[in-house]
Structures are given as C-alpha cells and as structure tokens.
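Colleague: Before I rely on this model at the bench, I would like to ask how its descriptive terms were reached.

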Amino acid sequence: MTPRSYDAIIVGGGHNGLVGGAYFARAGARTLVLEARPSVGGAADTSAPFPDHPDIKVTTYSYVMSLMPPTIIRELKLKEFGYKVTPFGPYYQAYPDGRAIKVFASDHARSHASIAQFSKKDAEKLPKWEAWLKGVADILGPLLLHVPPRLGSRAGRCATWGCAAWPTSPACSP
Ligand SMILES: Cc1cc2nc3c(=O)[nH]c(=O)nc-3n(C[C@H](O)[C@H](O)[C@H](O)COP(=O)(O)OP(=O)(O)OC[C@H]3O[C@@H](n4cnc5c(N)ncnc54)[C@H](O)[C@@H]3O)c2cc1C
C-alpha cells in the first residue's frame, strides 16, 4: 500500500477545522481533516435532540451567526454551497411558571419591559452591559481574522489594531 502524504492535517471537523481545511485546500495544499464523530460540524452541526419529534432539528450549540466573518462567507463561496441564515428573534427564555424574558435586538423599550417583570434593576443596567459587551466585541472582532498574538507579547498590537484598541497598554503609550 502506498503511504499517503499531506501538506496539512487538521484534527477535528468542527466549523473551525472545516474552514481551516478549506483555506488550506484553496491555497493548493493537499489537506486532510480528521473527524472522530460520524458527521462533521462539531458544536455547530444539526441534531434532532427530541426523540418524540425527530422532525425538529436544531443546531447543537451554536445557534447565532453573529461571529461569522463576512470575509469567510465570501471567500469560501458558502452561499453557493447552501449557506443561508434565517433571522429569528427575539432572544427568548421561558420559565416554568409561564413567564418569559424576551430580549429584542433593536427595541430597548420592549426588552426593558420584559426584563423589568423580573428585576427593574437588571432592566436599568441592560444598556450599560450591552455597551460594555460592544466594547469587548470591538476589540475581539477584528482578531478573528488575524493570526493570534503570542501570549504575553506586546509586539505588533498598535500596528495591527491601532492604539485605540489597547488604550491602557504601555506598549501603546506615546
Ligand atoms: C452552549 C453553547 C452555545 C454556543 N452558542 C454559540 C452561538 O450561538 N454562536 C457561535 O458562534 N458560537 C457559539 N458557541 C461556540 C461554538 O459552539 C464554538 O466556538 C465552536 O463550536 C468551536 O468550533 P470548533 O470547530 O473550534 O470546535 P468544535 O465545534 O468543538 O468541534 C471540534 C470537533 O473536533 C472533533 N474532535 C475532537 N477531538 C478529536 C480527535 N482527537 N480526533 C478527531 N476529531 C476530534 C469533535 O468531534 C468535533 O466535531 C456556543 C458554545 C456552547 C458550548
């Protein structure tokens, strides 16, 4: 038997392994993606977790596509291969007593009213928390398409992401 050789071997066929494999293959590398389970997709695959309702299919864990970079969708021509996003909303948390929290992406008044049923204090704090989360996303978002910096390294931060992203970093001090 002839031994096979590969330029790149990726262990794990979750969505990151698949995207990585696709980019290797796109660059002309002979690529192998190894997946332990019978299907690929990892935590982003589709499953039918309710034995009584096999027709109800859901993503196992990843249920929103907010972190999917448009660059990857475009470069890998995912739409031509069936990638399609169905917008849903609002975020919904049901409780056994029949009540529910609904968080609307762009209707702060309704989100406030829904959360205030449980805690007026939390409802008041929501905009502040969302602003904090946006600040984190503004820093982490651009990192998705960069080679991660070495842990502890300060080199390259300013050049890559700009000082505004690291206002407290000594490396970004003038
Ligand atoms: C509860 C929950 C909710 C989430 N919700 C979201 C969301 O809404 N949106 C979002 O973007 N992200 C969400 N995430 C995060 C998202 O699921 C992960 O970031 C994503 O699945 C990571 O992808 P991955 O390919 O790196 O790893 P995984 O999806 O974990 O895939 C790893 C794959 O590697 C395989 N594998 C492992 N070891 C081996 C081995 N030795 N040999 C062969 N194969 C192996 C596994 O079987 C698996 O298929 C959520 C995560 C959790 C836990």
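What follows is a conversation about the terms used for this model and the values behind them.

Modeller: Residues are numbered from 1 along each chain as its sequence is written. The model is predicted, and local features need pLDDT of at least 70, side-chain atom pairs count only at pLDDT 80 or more, while totals for chains, interfaces and linings use all residues.

Colleague: What is the mean pLDDT of the chain?

Modeller: The mean is 86, and 86% of the residues reach 70 or more, where pLDDT is the predictor's confidence in each residue, from 0 to 100. Over residues 163–174 the pLDDT is below 50, and beyond near neighbours in sequence this stretch has 13 contacts in the model, two residues being in contact if their C-beta atoms, placed from the backbone, lie within 7 Å.

Colleague: How do you know how many helices and strands the chain has?

Modeller: Helices (H or I, at least four residues) and strands (E, at least two) are DSSP runs, numbered from the N terminus, and by that rule the chain comes to five helices and six strands. Along the sequence they follow the pattern β-α-β-β-β-α-β-β-α-α-α.

Colleague: What makes strand 1 and strand 2 a pair?

Modeller: Two strands pair if DSSP finds at least two bridges between them; strand 1 (residues 8–11) and strand 2 (residues 31–34) are joined by four bridges and run parallel, so they satisfy the definition. One of the partnerships is that of Ile10 with Val33 in strand 2. The chain passes from strand 1 through helix 1 to strand 2, and this β-α-β crossover is right-handed, a word used if, with the strands pointing away from the viewer, the path from the first strand over the helix to the second runs clockwise.

Colleague: Why is Leu34 called buried or exposed, whichever applies?

Modeller: A residue is buried if 20 or more other C-beta atoms lie within 10 Å of its own, exposed if 12 or fewer, and partly exposed in between, with C-beta atoms placed from the backbone. Leu34 has 11 such atoms within 10 Å, and is therefore exposed. Leu34 belongs to strand 2 and, leaving aside its neighbours within four places in sequence, is in contact with Ile9, Ile10 and Val11.

Colleague: Which class do Met68 and Lys77 fall into?

Modeller: Met68, in the loop between strand 4 (58–59) and helix 2 (70–75), has 17 C-beta neighbours inside 10 Å and so counts as partly exposed. Lys77, in the loop between helix 2 and strand 5, has 11 such neighbours and therefore counts as exposed.

Colleague: What makes the backbone at Lys77 and at Pro90 worth a remark?

Modeller: Most residues other than glycine have a negative phi, and most peptide bonds are trans. Phi of Lys77 is near 50°, a positive value in a residue other than glycine, and the peptide bond from Gly89 to Pro90 is cis, with omega near -5°.

Colleague: Which residues come nearest to the ligand?

Modeller: Of the 19 residues around the ligand, Gly12, Gly14, Asn16, Gly42 and Ala43 come nearest; a residue is near a molecule or strand if its C-beta atom, placed from the backbone, lies within 6 Å of it. The shell divides into nine nonpolar, eight polar and two charged residues, where Ala, Val, Leu, Ile, Met, Phe, Trp, Tyr, Cys and Pro count as nonpolar, Asp, Glu, Lys and Arg as charged, and the others, Gly among them, as polar.
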